[in-house]
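User: Please take a close look at the place where the two chains meet, and explain each term as you go, since I am in my first year.

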Amino acid sequence: MSAFFFGPPGRQLYGYHHAPTGHAPTAPATGAVVICPAWGQEYAHSHRAVRLLARRLSERGAHVLRFDYTGAANSWGSGTDSSIPVWVDDTHLAMNELKAISGLPSVDLLGCRVGAYVATLACVDRPDVRRLALWDPVLNGAQWVSTKKIKAQVAATVEFDSLLVSTALLEQFRAIGVEKYGAGKPQSVVVLDDDQSRVEELATALPDVRRAFVEVDVPTWNEFARMPARAISTLVDMVVAK
Amino acid sequence: MSTFTETVTVFGPMNRLVGILTTPALRTSSLPAILILSSGITDSSGPNRTSVYMARFLAEHGYSVLRFDLPGIGDSEMLDDGSIEEQGLKAMRAAADLLQGMGVASRFVLIGHCLGADRCFEGAEADDRVVGAVFLEPPVIFTTRRHELNWLLHRIGKALRKPRKIWEVITGARPLDVSGRFSAEESEMLNLPRSPPPSTFAETRAREARFLTTYAQRRVRLFYLFTGFSNAAITYTGQIADAFPEIKGLRNLLRVELWRDWNHNFARESWRQQLYASVLDWLTNEVVPVKSGT
């Protein structure tokens with residue numbers, strides 16, 4: 001059990017560390033994986049699945065750190081403190097934290113939905129990112145935003161997906177585009193998606209991407225549901241593969 | 001400068017439970033501490049982060065608040081092989097023990113939403129340190145004659161606003177449905193708050209009555225809040241007291257608020273702000289004065 005806050009005083013981020021299990025105590029860890037979660041309702045709906053994903057990775061010998069972004073879930077701040085650049089900084093803090101915990105020189109980043117975009121940006125100028133894994137990445141921000149409810153806009157804030165956020169964050173969401181996934185240059189990239197065409201679209205931005213298409217066994221992001229067991233096991237295999 | 005501090009708290013049997021303790025900068029020792037339970041299968045941040053902001057809001061008004069994941073939910077592990085009800089009770093007791101051991105408080109108020117409200121119902125009965133409980137959208141509500149009449153009138157009024165449907169009923173194209181039961185659309189919502197089915201009604205009512213009797217004897221203050229999600233199950237604020245007329249003094253312990261425009265997960269910021277204000281008002285005016293004998 002390892003739940004804790006990390007980050008500078010006054011800007012505490014909630015983290016949960018899954019220590020490696022399932023292999024000999026003296027064996028070196030197989031890797032260190034920081035998970036950038038989804039956001040909003042997608043975060044809530046996928047929490048159990050991501051927790052299981054982290055556990056499965058740890059059972060394969062990896063250190064895993066799940067964390068919450070600024071203004072989200074258990075971390076400091078409100079929705080209006082949230083922005084994608086801040087979340088990228090948060091991810092850097094999480095990477096540093098996990099490197100310190102694990103003693104390993106590099107990390108893998110695994111991003112879910114909007115978190116896939118955050119993880120991609122967090123790779124920029126970070127040669128210590130070994131591998132980037134993207135799970136159902138949001139490739140078209142404007143389209144993604146259009147699927148959510150937007151209510152009462154007051155001053156520079158707006159209710160988006162039932163959460164009060166800055167209009168700036170909403171615009172940052174809208175600006176997400178497939179071409180921006182080429183920003184980071186990790187040693188390898190894997191992507192798991194339930195939409196074959198999106199995977200192929202992503203391949204144009206990331207030509208060397210190793211990709212998998214997994215038919216949806218159960219919904220992961222849009223409702224509380226059973227575990228997406230097939231997606232999780234596929235993703236684990238992809239992330240821990242040499 | 002922040003008026004509260006948040007601390008990750010790992011506690012309970014074998015440290016299997018996870019919560020966030022929100023403490024005010026200036027703590028008032030006479031106030032009860034607040035325990036906010038996780039809601040359904042949502043983690044302790046609550047639906048739309050409601051529990052996070054509620055904890056911070058109450059801490060700004062002097063209350064220490066521990067919001068935590070029930071066993072098997074969020075980041076808390078299952079405690080044992082017991083039922084979720086038994087494990088929930090153990091978790092609530094462990095949370096109260098933790099705060100009492102830290103010298104934070106010896107009296108507690110439970111807050112639960114949806115299934116979390118159901119757990120609160122059991123927790124408030126089992127631990128006599130609990131002096132108040134907030135039930136946000138509890139899943140079981142008992143019907144009364146007055147409620148059935150209200151609901152029937154509501155359905156008739158709704159039908160009258162749709163003359164085409166009335167014509168269809170007159171011509172036999174549509175069956176008459178003013179029975180007071182849920183509409184087909186509502187029935188599809190499996191989690192709709194409702195009175196227990198006839199097969200378990202007597203047993204469930206007896207359980208509820210036992211709990212409410214205990215609360216009345218201990219003078220535990222109760223705050224029920226319902227949204228439009230519960231429209232078909234509760235139509236007036238006196239319904240809970242009316243459903244249990246045999247429990248003396250119950251009515252005086254109850255506050256019931258109906259917010260018809262809200263949805264189950266408090267999806268609007270203005271609703272959430274009102275929710276926090278309502279809970280604080282209830283604490284200030286109905287729970288805290290009890291200790292001083294008012």
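Analyst: Two residues are in contact when heavy atoms of theirs lie within 4.5 Å. By that rule, 31 residues of chain A are in contact with 31 residues of chain B. This is a predicted model, in which local features need pLDDT of at least 70 and side-chain atom pairs count only at pLDDT 80 or more, while totals for chains, interfaces and linings use all residues. Residues are numbered from 1 along each chain as its sequence is written, chains are lettered from A and ligands numbered from 1 in the order in which they are written, and side-chain values use heavy atoms, with hydrogens and water left out.

The area buried between chain A and chain B (the accessible area, with a 1.4 Å probe, that two parts lose on being put together, summed over both) is about 2300 Å², and carbon and sulfur atoms give 47% of it.

The rule for salt bridges (a side-chain nitrogen of Lys or Arg within 4 Å of a carboxyl oxygen of Asp or Glu) finds four of them across the interface of chain A and chain B. A salt bridge joins the side chains of A:R51 and B:E77, at 3.4 Å from N to O. There are also 19 residue pairs in polar contact across this interface, both residues being at pLDDT 80 or more; a polar contact is a pair of N or O atoms within 3.5 Å, where within protein one must be able to donate a hydrogen and the other to accept it, and residues adjacent in sequence count only if both atoms are side-chain atoms.

On the side of chain A that touches chain B, at least two residues each come from β1 (3-6), β2 (13-18), α1 (41-59), β7 (150-154) and β9 (163-166) of chain A; here helices (H or I, at least four residues) and strands (E, at least two) are DSSP runs, numbered from the N terminus. The most is given by α1(A), with six residues. Sorted by kind, the residues of this side of chain A are 14 nonpolar, ten polar and seven charged, where Ala, Val, Leu, Ile, Met, Phe, Trp, Tyr, Cys and Pro count as nonpolar, Asp, Glu, Lys and Arg as charged, and the others, Gly among them, as polar.

As for disulfides (pairs of cysteine sulfur atoms within 2.5 Å), a search of the whole structure finds zero over all chains. The sulfur of A:C112, for example, is too far for a bond, because the closest cysteine sulfur, in A:C36, is 8.2 Å away.
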